[in-house]
There are 2 protein chains.
Amino acid sequence: MSNAFIKLVSKLTDSLEQKNNQAILRAIEQSHPAELGRLIEALPNKYRGDFWRVIPVAFKGEILLSVHRELRQLLIKKTSEADLLVSLSTLQMDELADIDADLPLTVVGAMVEAMDSQRKQRYRTVASFPDNTAGGLMDVDATAVRKDVSLKAVYRYLCKLRKKEGMLPEQLDQLVVVDRENKVQGTLYLSDLVSMDNSLSVADVMKNNVPLIHSLQSAKEVAQIFEDHDLISAPVVDKNNCLLGRITVDDVIDVLQQNSEQTLLASGGLNKELDMFAPIAHISVNRAIWLGVNLITAFVAAWVIGFFESSIEQLVALAVLMPVVASMGGVTGSQTLTVVTRGIARDLVSSANIVSLTIHELKVSFINGLLWASVVFFITILWYGDWKLGSVFALALFVVSLTGTLSGALIPIILKKLGVDPAIAGGVILTTITDAVGFLIFLGTATYLLI
Amino acid sequence: MSNAFIKLVSKLTDSLEQKNNQAILRAIEQSHPAELGRLIEALPNKYRGDFWRVIPVAFKGEILLSVHRELRQLLIKKTSEADLLVSLSTLQMDELADIDADLPLTVVGAMVEAMDSQRKQRYRTVASFPDNTAGGLMDVDATAVRKDVSLKAVYRYLCKLRKKEGMLPEQLDQLVVVDRENKVQGTLYLSDLVSMDNSLSVADVMKNNVPLIHSLQSAKEVAQIFEDHDLISAPVVDKNNCLLGRITVDDVIDVLQQNSEQTLLASGGLNKELDMFAPIAHISVNRAIWLGVNLITAFVAAWVIGFFESSIEQLVALAVLMPVVASMGGVTGSQTLTVVTRGIARDLVSSANIVSLTIHELKVSFINGLLWASVVFFITILWYGDWKLGSVFALALFVVSLTGTLSGALIPIILKKLGVDPAIAGGVILTTITDAVGFLIFLGTATYLLI
């Protein structure tokens, strides 16, 4: 499929270039809405409008949901309000609540107006929770039954519900069992329903090992619960354990994907709502901030070097070798930083084990520091024939390895305590420290011992 | 939960330290096997043996499955063969096939010996496919029905199956409809089965919009199909469309998690089967390779600087400012590299749009290059009072920004063509180029214009 998709992008680009509408329509027919979303992401800006115009309105709701925020806003601008209203009617309540912030207010108003009172109520419930909580992820279509009824009665109820609503909720693997006060008692798996004697009661068959999710739990915690318990769906409850809705595994997959994207992009100061072909001014501003931060840290390093100008004038080999020290310190430190940051993100690293882990990491970099210090010692002797310079170089490299590791272990823990995401700021702070310390130790020791 | 888990790690560490077995058992009782796996990951090595010993054998199979390979091998070494056999009997066939490479051969032999002939056959089918293909991910418990039978007959069949096997397959949301030759015709959703008149036939109710997955498709492609179609399970077929098994969404989540971990860790040359508390010698060797590669690239940069020793002796400010040029080139390039590498991983970037994308990126770095070149021009005048030096510095920074961007766009495309994963090698190659080019342009221009 991977190759097939790439070919599709290529063919579609050609068709758009040649304005071959028939070929474009064929590409659309062959694709699922989520694939169409990815196709638009892959298209340069100049083709997007033409492509968007020919996509059937019925698909546009799901496409808007599947693309990144920035692209979504662009596509919404290219859609008439009437078309928007039609396309949004295909979405579930939690999906609507995810994208309503990007819609024109008049459209949101008209959309709510068009709902019946039950849907209106449901939409308001979901919209009242932040997007990154269980309440914001949940859909309010949880199908509930009582525990004192027979399985046969459950069948009858489901048949009736289907006739009334036209369909059952998507990704339905279990019904929620509630009491008269809507408190969750357990769940009834469809696979039990279809394989047990239907004269049994719900109470005989229901399970109570499905974890309840509280509406205010974070999306990250929800994802972890789904992963640990291999869930397809789970009921969401309020603080009295009353049923509010349910979360399905497709929402969880989206959360996991977004988190991993964010980690990857954040380390380069890139916007997670990234559209490759976003307007140039927009991308430039987004990246300029990160470049500015980096420029400051680079000048900190330059400022440290500045103190040793006279040493460098006397022994210019120092200028040649100093980037090696800084670079090795940076890499050693970033290895530890990655391990610790990842551990924090997965709740595996905390004050309970950071001391053990730091000591463990320091032992590793002691060994590697010794190894590479010996290597550069011999390289320096071969290159400059100067064992004193070699010794200073090796010593600095060894010390900066340990400093890098120590910084790599402590920076994310400190940032976490300060409420800053280590995945974003950790790398810059580390490099600033390893550069400054690297230059200081190398040029300082050299000035003291060699000059 | 996140905080609760961290507290659990902390309490457990204390209990292990004090050898308080009652508290340890309490911690185990409160946890799901997958959580126990994460607890072991978070424990320093010295406590792991004591903890592992008190965990009930019934949980050990799922824990072995959930932890990283390196830790799994450690835990397997700490388990008797008899206990291993018991714990493995709780796993599904695809799960067994995932970890069998880590088991002692005698255990694998005894395990297969203990299976009935049907299970033996199933296990061999799954084990015959590589782990990273659909065949390796699938379980062979797909429940199949014929399309000419009534829904009532399907109920009777499922009740019988349940009595025979004790349970239905996990995460069962749909049955596969096959013909006499075992060719897949469509699927029957349980939610349709429970809400339609049971005198209808399977043919009336079945859907044929579930994509078939071919046994040799890659795990990455499978994950994309599940994401695009919001699937819970999907049938896996051979090249004649005959049913082989099914893949469930929990396997897909594991694939997604592993891919995102790998991307994060690969950029630091870290092993993806990472155990934080792995033996020091083991970690040291793993990291030494990356440090060695980095040392070579650092010496390439040093070698370039070496050509300009006499220029630096005459104008030592060059040594002070040169790391700034290299650093800004590196950051600009890595921003583009991240965008393109991520695009390639998601099939959004290919030869169809790389030219458009590269031009788009170059425009961005033209703007940012101009901006930051102006800034450093003024800083240099303030610092050194030398507008000629400022001009050379600014020019070099501008040129290296464009070089970085061009490298960041082309390196991953070239690596991809060569069959190398851009996420692993891209960063090092980019830094080598931006460092070397940065020093060369800055020192070269300075030598030509200022010395």
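Contact here means heavy atoms within 4.5 Å. The structure is a predicted model, in which local features need pLDDT of at least 70, side-chain atom pairs count only at pLDDT 80 or more, and totals for chains, interfaces and linings use all residues. Residues are numbered from 1 along each chain as its sequence is written, and chains are lettered from A.

**Exercise 1.** Determine which residues join H20(A) to H17(B), and classify them.

*Solution.* Step 1: locate the helices, which are DSSP runs of H or I with at least four residues, numbered from the N terminus. H20 spans residues 354-384 of chain A, and H17 spans residues 280-306 of chain B.

Step 2: consider the geometry, with axes as lines fitted to C-alpha atoms over the stretch in contact and angles from 0 to 180 degrees between N-to-C directions. The two axes come within 9 Å and cross at roughly 35°.

Step 3: list the partners. From H20(A) they include A:Ile367, A:Leu371, A:Trp372 and A:Trp383; from H17(B) they include B:Arg287, B:Leu291, B:Phe299 and B:Trp303. The residues of this contact comprise 16 nonpolar, four polar and three charged. In this count Ala, Val, Leu, Ile, Met, Phe, Trp, Tyr, Cys and Pro are nonpolar, Asp, Glu, Lys and Arg are charged, and the others, Gly among them, are polar.

**Exercise 2.** Establish how chain A is superposed on chain B.

*Solution.* Step 1: superpose by least squares on the C-alpha atoms of residues with pLDDT of at least 70 in both copies. A rotation of 180° with 0.0 Å of shift along its axis achieves this, with an RMSD of 0.1 Å. The copies are therefore related as by a two-fold rotation axis.

Step 2: find the residue of chain A that comes closest to the axis. This is A:Glu313, whose C-alpha lies at 2.5 Å. Both copies use the same surface, as 99% of the contact residues of chain A recur in chain B.

**Exercise 3.** Describe the annotated transmembrane regions of chain A.

*Solution.* Step 1: the unreviewed UniProt entry places them at residues 288-308, 315-333, 366-385, 392-415 and 427-450.

Step 2: examine two of them. Residues 315-333 are 89% helix and 0% strand, with end C-alpha atoms 28 Å apart. Residues 427-450 are 96% helix and 0% strand, with end C-alpha atoms 33 Å apart.

Notes: Heavy atoms only, no water. Helix = DSSP H or I, 4+ residues; strand = E, 2+ residues; numbered from the N terminus. UniProt positions renumbered as here; feature names shortened; annotations may be inferred.
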